[in-house]
Amino acid sequence: SGSQPSGTYTFPSTLSGAPQVPNTGNSLATFELGAVSSANFTTLLSNYLPHWFMNQFYGQDDWRIRHDLTLSLGLRYSLETPANTQWGLKSTFDPTVIDPVSGLMGGITHPKGALYGTNYHNFTPRIGMAWNFKPKMVFRGSFGMFTQDLLPTLAQDEYSAQATVALPSGNPYPAFYLSQGPGPVAYNITSNGTAEFVGTNYSGRSTSFFDSHLKNPYSMTWSGGFQWEFHPSYLAEVTYQGSAAVHLTGSLNINTMPWSVYSSTSPTLLAAAAANSQAYVPYAQFGSISETTNPGHSTYHAMIARMEHRFGSGFSTNFMFTWSKNMAGGAGSGYQYYNWALTKALAGSDQKLQFVSQLNYNLPFGYGRRFANKNKIMNQVIGGWTFLTIQSIRSGLPVSFSSSGSPYKYLSGEGGLN
């Protein structure tokens, strides 16, 4: 991360509104008052110099079993070593050590070795088949697996010295006014070249770690369909296509309030948690603690129908209709942290229906065509041109709703219609 020794300042609307009453202030008004809720100062102590190795091997062969049946077989193997930095300068959260800043269990460490293991099992096969089982009719099917490189960015917490000027969490008053300034800013740099957190409001202190069993994400695709040339100039095709993405990488905040708070019916507890959620998280000395793991999964299923007509004289049309469904899910936040299945829904890119028409016309100029087929210069200028037009009609993308300006209070991770 970059250095910001002059600091970044926060002017929340709450400091210009009625105390403890949501949505009664304005951030611009807070700025004009010069009321700062927190200021964060950073300076870089080390450059980020990552390195890792990737190796891949691929082999493929086509096997014609008989005159009307062909198989295509392939296998890819990939090996990616865990990411590290040139001098091993990185950080990770460890729940088993004592935090020197707060004295509480759970702190930041700086190991030199790998943060997750090497996956030696990334074998991904590819299979294709073409079967001409009847004259002018072909069945085509395929299956393939594909791995995704991890290439993660390692954390360097405490290699960027940070100082925060803020009042303790839950205090509704300004930390300082611009006219007064934040006062002396001191960085707590230790003998090993790292800098410990400085401040009393731990909600702005974040850290992260990697799942020790982090895997390479992979996807599977499969298809099967029939082609039928029912007339010398007509071709019809119906195909089913499916795919699934497994172990998609993502991050989740493990420093989430316990389920007993989210499921509580006590107005007193809920009001206290909404006013100061920091006091109820498992590691009160940190704000967010992000774990990089494999929470994601997505699926896609589609029926595709296509009709092609070749008129002759270089003119042809192609019509294709797709009926599909695309769903995706991942790690949940707030109350969804305890049930990731609640995140599985239509993907943002889902388009249920799609119709595409294509018109293709090879202009009759140049070698092998009707006009200007003997002159080399004319062939270079006007020969070989093709006119192509594509029209597409698609159903709309999914719509998401959210709310703002509500007079009600919500727990962390909740918020009206979200």
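This is a short walk through one chain, covering confidence, strands, a surface patch and salt bridges.

Keep in mind that we are looking at a predicted model. Confidence first. The chain has a mean pLDDT of 90, and 99% of its residues reach 70 or more. Where is confidence lowest, and where is it highest? The low end is helix 4, residues 376-382, with a mean of 79. The high end is strand 11, residues 137-147, at 97. A general caution applies: where pLDDT is low, predicted coordinates should not be read in detail.

Now a small sheet. It is open, it has 3 strands, and the order is 1-3-12 with antiparallel pairing. Strand 1, residues 4-10, and strand 12, residues 160-166, are the edges. Each of them pairs on one side only. On average, neighbouring strands here are turned by 20° against each other, direction ignored. Take strand 3, residues 38-44. With strand 12 it forms 7 bridges, in the antiparallel sense. If you want one register point to check, use threonine 42: its bridge partner in strand 12 is glutamine 162.

Next, strand 20. Three pairings matter for this talk. With strand 19, the sense is antiparallel and there are 15 bridges. Isoleucine 304 has threonine 322 of strand 20 as its bridge partner. The hairpin of strands 19 and 20 has 2 residues between the strands, and serine 313 takes a positive phi near 55° there. With strand 22, strand 20 pairs over 9 bridges, again antiparallel. Threonine 317 stands opposite leucine 359 of strand 22. Then there is strand 21, residues 345-346, which pairs with strand 20 in the antiparallel sense over 2 bridges. There, alanine 328 faces alanine 345.

These strands lead to the surface. A nonpolar patch covers about 1,000 Å², and its residues include Trp228, Phe230, Met303, Phe319, Trp323 and Ile393. Strands 17, 19, 20 and 22 each give two or more residues to the patch. Which strand gives the largest share? Strand 20 does, with 3 residues. Look at methionine 303, which sits in strand 19. Why does methionine 303 count as partly exposed? Its relative accessibility is 31%, so it falls between the 20% limit for buried and the 50% limit for exposed.

Last topic: charges. The whole structure holds 6 salt bridges. Start with aspartate 99 and arginine 205, whose side chains meet at 2.8 Å, N to O. This pair links distant parts of the chain, 106 residues apart. Aspartate 99 is in the loop between strands 8 and 9, and arginine 205 is in the loop between strands 15 and 16. Buried or exposed? Both residues are buried.

Now arginine 306. It forms a salt bridge with glutamate 237, with the closest N and O atoms 2.9 Å apart. Again distant parts of the chain are linked: arginine 306 is in strand 19, glutamate 237 is in strand 18, and they are 69 residues apart. Arginine 306 counts as buried because its relative accessibility is 17%, under the 20% cut-off. Glutamate 237 is also at 17%, so it counts as buried too.

Arginine 306 has another partner. Its side chain meets that of glutamate 308 in a salt bridge, at 3.0 Å, N to O. Through shared partners, Glu229, Glu237, Arg306, Glu308 and Arg310 are joined into one network.

Conventions
Residues are numbered from 1 along each chain as its sequence is written. This is a predicted model: local features need pLDDT of at least 70, side-chain atom pairs count only at pLDDT 80 or more; totals for chains, interfaces and linings use all residues. Side-chain values use heavy atoms; hydrogens and water are left out. Two strands pair if DSSP finds at least two bridges between them. Helices (H or I, at least four residues) and strands (E, at least two) are DSSP runs, numbered from the N terminus. Axes are lines fitted to C-alpha atoms, for helices over the stretch in contact, and angles run from 0 to 180 degrees between N-to-C directions. Patches are made of residues with over 30% relative accessible area and no salt bridge: like charges are joined within 9 Å, nonpolar side chains (Val, Leu, Ile, Met, Phe, Trp, Tyr) within 5 Å. Accessible areas come from the Shrake-Rupley method with a 1.4 Å probe; for residues, only the protein chains shown count as cover. A salt bridge is a side-chain nitrogen of Lys or Arg within 4 Å of a carboxyl oxygen of Asp or Glu. Buried means under 20% relative accessible area, exposed over 50%, partly exposed in between (1.4 Å probe, protein chains only). pLDDT is the predictor's confidence in each residue, from 0 to 100.
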